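I am starting a fresh page for a structure that is new to me. My plan is to look up a few side-chain pairings, then some cysteines, and finally the surroundings of one loop residue.

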Amino acid sequence: GFLRARAEDVLSPGASRRPSPCAFAGRCGGCSYQELDYAPQLRLKEAVLRESLARGGVAWEGPIAVAGSPEEGWRTRASLHLESRGANLLLGLHEEGTHQVVDLPPCLQLSENMTRAARALLDELKRQSQRARAIQHVDLAESVDGRQLVMSLETALGPRPDLLAGDSGPAVQVALPGPVLSREGLEAPGA
């Protein structure tokens, strides 16, 4: 079993504590350790890995090579959620411990290309609210070099894909940065 808890107040910050660089920290479930300086974040992640290995019956006491990534824009994959809240359409991550979407105009974890693609999709779906209601999740995957980006939309349409794509191509079109993988293959932007 496990328990869930939420901090009510910080009485005295630890030596490694800093203000989170993310405006959504505390609400969004994506940035768990950003209120720590970067070196302590890496030590904490190593400790979590060691604990997980021990609980799995493969405890490891030897050295673990830690290769830090940039603090921002490091994710090459993301699963975002779409939610209609009144007249607002939100695209982002779930609030920690809930299924409420925290709209993330910028997300420090996503690359600039992924952020632009997600916001372009959201802008287009705001213009096509009928189609937006059918979309549940948006998965983004970017190549390590940032030159290719794939966006996948998970819908609740079942046998009705015609609501998203027509005979002449996709009905929801978004300008993605860099080359785009379409039904016909790899295309250059604007092709």
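Entry one, a glutamate. I looked up E46 in this predicted model, and I noted that E46 is partly exposed, with a relative accessible area of 23%. I then asked which side chain E46 meets in a salt bridge. The partner is R50, and the N to O distance in this pair is 2.9 Å. Both residues belong to helix α1, which covers residues 38–55, and because they sit four residues apart there, about one helical turn separates R50 from E46. I wrote down the general point beside this entry: side chains of opposite charge can pair when their charged atoms come close.

Entry two, further along helix α1. Here I found a salt bridge between the side chains of R55 and E51, with 3.7 Å from N to O. These two residues are also in helix α1, and their spacing of four residues amounts to about one turn of the helix. I checked how open each of them is: R55 counts as exposed at 64% relative accessibility, whereas E51, at 46%, counts as partly exposed.

Entry three, helix α2. Where do R116 and E112 lie? I located both in helix α2, residues 112–127, where they are four residues apart, about one turn of the helix. They form a salt bridge, and the closest N and O atoms are 3.7 Å apart. In this pair I noted R116 as partly exposed, with a relative accessible area of 43%, and E112 as exposed, with 63%. For the whole model, I recorded a count of eight salt bridges.

Entry four, the cysteines. I wanted to know how many disulfides the model holds. The count comes to zero, the rule asking for a pair of cysteine sulfur atoms within 2.5 Å. I also looked up whether C22 and C28 are buried or exposed. C22 is buried, its relative accessible area being 10%, and C28 likewise counts as buried, at 6% relative accessibility.

Entry five, a loop residue. I placed L108 in the loop between β3, residues 101–103, and α2. Setting aside neighbours within four places in sequence, I listed its contacts as P21, C22, Q34, E71, E72 and G73, so that the buried cysteine C22 of my previous entry appears again here. For one of these contacts, E71, I also took down the spacing: the C-alpha atoms of L108 and E71 are separated by 7.9 Å, although the two residues are 37 residues apart along the chain.

Terms used. Residues are numbered from 1 along each chain as its sequence is written. This is a predicted model: local features need pLDDT of at least 70, side-chain atom pairs count only at pLDDT 80 or more; totals for chains, interfaces and linings use all residues. Side-chain values use heavy atoms; hydrogens and water are left out. Buried means under 20% relative accessible area, exposed over 50%, partly exposed in between (1.4 Å probe, protein chains only). A salt bridge is a side-chain nitrogen of Lys or Arg within 4 Å of a carboxyl oxygen of Asp or Glu. Contact means heavy atoms within 4.5 Å.
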